[in-house]
Amino acid sequence: MRAIPTLMFIFVGAYDFNSVIADDEIILEDFAAPSHTWRQLNDPVMGGVSTGTFTLTPDGLAVLAGVVSDVPSLGAPGFIYAGSVDSVRFPDVSACTAMSITARSVIPYAGYRICFGRSHPIDAKFFAYGHKADFNLPAGGEFSTVEIPFTNFSDLWDDATGDAIRTCQEDKRHCPDRDNLANLAPISIWAEGVSGKVRLEIKQLAASGCAGAPIADEISAAYDVNTRAGIARMLWDNFS
Ligand SMILES: *[C@@H]1O[C@H](CO)[C@@H](O)[C@H](O)[C@H]1NC(C)=O
């Protein structure tokens, strides 16, 4: 047993602290190896005529494709979306500041939204559950990662258009709170409120700005002591 602190000391000595501390991202879903089950839904439940599909490709993409059409009874565009439907928990992202999506919009489309959780405040619209935000992707072939600050999400949104009725910036009561960020399920990705063809190819969903990510925290706390003995001590305490 006496040998363990020495071994740990050597291991820690070889570790690249900067890469650990800079790693402030938590992966929520990697569509090359999905850990959740996703299902596609259209607006027919609300009398609309939009059509869409959500498929996983052999090269590791999730594809939301279809056509958002006007809902006849509303004379306004409907939606297509795909959401997680399993009961596997997403990681707690309450230490993070944003959600990010790595994707490309093969066809220019201006009505992308992302939504998470089941928040349903007293003044919420009937079909509106969760915190929702808009995001834009540049048209064209390139993949990009869009970071959507959690302060861009609101749980008071119009279920006919997808637009926020009151934003989180306007009224803090509609911002996601710690509990919402600790319970993200279900997550859904929408093409909503804008008519037209859609082909969104998604690689990954993540949370970013996670300053308090567990590993970074523990190691930086030890590093603050500024002695290798401090790190060895911490590991010794953890392992003994
Ligand atoms: C977040 O909201 C701000 C203010 O409305 C907006 O300027 C910004 O573009 C939004 N961010 C994203 C990624 O959509």
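Two strands count as paired here if DSSP finds at least two bridges between them. With that in hand, we can start at a hairpin and work outward through this predicted model.

## A hairpin to begin with

Strands β3 and β4 form a hairpin, with five residues between them. In the turn sits Gly 60, whose phi is positive at about 85°. The two strands, β3 (residues 51-56) and β4, pair in the antiparallel sense over six bridges. If you would like a landmark for that pairing, look for Leu 56, which stands opposite Ala 62 in β4.

## The overall picture

Stepping back, the protein has five helices and 13 strands. Of its 240 residues, 35% are buried. Contacts that span a long stretch of sequence are well represented: among contacts with a separation of 6 or more, 71% join residues 24 or more positions apart.

## An open sheet of five strands

Which strands make up the open sheet, and in what order? Five strands take part, in the order β2-β7-β12-β9-β10, and the pairing is antiparallel. The edges are held by β2 (38-42) and β10 (131-134); each has a single partner strand, so one side of each is left without a neighbour in the sheet. On average, neighbouring strands of this sheet are turned by 20° against each other, direction ignored.

Strand β7 is a good place to look more closely. It pairs with β2 in the antiparallel sense over five bridges, and it also pairs with β12 in the antiparallel sense over five bridges. On the β2 side, Ile 80 of β7 is the bridge partner of Asn 42, while Tyr 81 of β7 has Leu 41 opposite it. On the β12 side, Phe 79 has Glu 192 as its bridge partner.

Are the residues of β7 buried or exposed? Six of the six are buried, so the strand is largely enclosed by the rest of the structure. Phe 79, Tyr 81 and Gly 83 point one way from β7, whereas Ile 80, Ala 82 and Ser 84 point the other way.

## The largest nonpolar core

In soluble globular proteins, nonpolar side chains tend to be buried together. Here the largest nonpolar core has 42 residues, and those that touch the most other members are Leu 64, Ala 191 and Ala 207. The elements giving two or more residues to this core are β4 (62-68), β7 (79-84), β8 (98-105), β9 (112-116), β12 (187-192) and β13 (196-208). Strand β13 supplies the largest share, six residues.

Leu 64 shows how these pieces meet. Not counting residues up to four places away in sequence, Leu 64 touches Gly 52, Phe 54, Ile 80, Ala 82, Ile 189, Ala 191, Val 198 and Leu 200. Two of the names on that list, Ile 80 and Ala 82, point the same way from β7.

## Two buried loop residues

Two loop residues deserve a visit. Cys 210 lies in the loop between β13 and α4 (214-225), and Phe 150 lies in the loop between β11 and α3. Why do they count as buried? The cut-off is 20 or more other C-beta atoms within 10 Å; Cys 210 has 22, so it is buried, and Phe 150 has 22, so it is buried too.

Each comes together with a residue from elsewhere in the chain, as the C-alpha separations show.

| Pair | Apart in sequence | C-alpha to C-alpha |
|---|---|---|
| Cys 210 and Ser 94 | 116 residues | 8.1 Å |
| Phe 150 and Pro 176 | 26 residues | 6.8 Å |

Leaving aside neighbours within four places in sequence, Cys 210 is in contact with Asp 24, Glu 25, Ile 26, Val 93, Ala 95 and Cys 96. With the same neighbours left aside, Phe 150 is in contact with Thr 97, Ala 98, Met 99, Pro 176 and Leu 181.

## Around the ligand

What surrounds the ligand? The residues are Asp 134, Phe 135, Val 146, Ile 148, Pro 149 and Asn 152. By class, this shell has four nonpolar residues, one polar and one charged. Strand β11 (residues 144-149) gives the most to the shell, with three residues.

## A cis peptide bond

One last backbone detail: the peptide bond from Ala 185 to Pro 186 is cis, with omega near -10°. Pro 186 is found in the loop between α3 (178-182) and β12.

Terms used: Residues are numbered from 1 along each chain as its sequence is written. This is a predicted model: local features need pLDDT of at least 70, side-chain atom pairs count only at pLDDT 80 or more; totals for chains, interfaces and linings use all residues. A nonpolar core is a set of buried Ala, Val, Leu, Ile, Met, Phe, Trp, Tyr and Cys residues joined through C-beta atoms within 7 Å. A residue is buried if 20 or more other C-beta atoms lie within 10 Å of its own, exposed if 12 or fewer, and partly exposed in between; C-beta atoms are placed from the backbone. Helices (H or I, at least four residues) and strands (E, at least two) are DSSP runs, numbered from the N terminus. Two residues are in contact if their C-beta atoms, placed from the backbone, lie within 7 Å. A residue is near a molecule or strand if its C-beta atom, placed from the backbone, lies within 6 Å of it. Ala, Val, Leu, Ile, Met, Phe, Trp, Tyr, Cys and Pro count as nonpolar, Asp, Glu, Lys and Arg as charged, and the others, Gly among them, as polar. Axes are lines fitted to C-alpha atoms, for helices over the stretch in contact, and angles run from 0 to 180 degrees between N-to-C directions.
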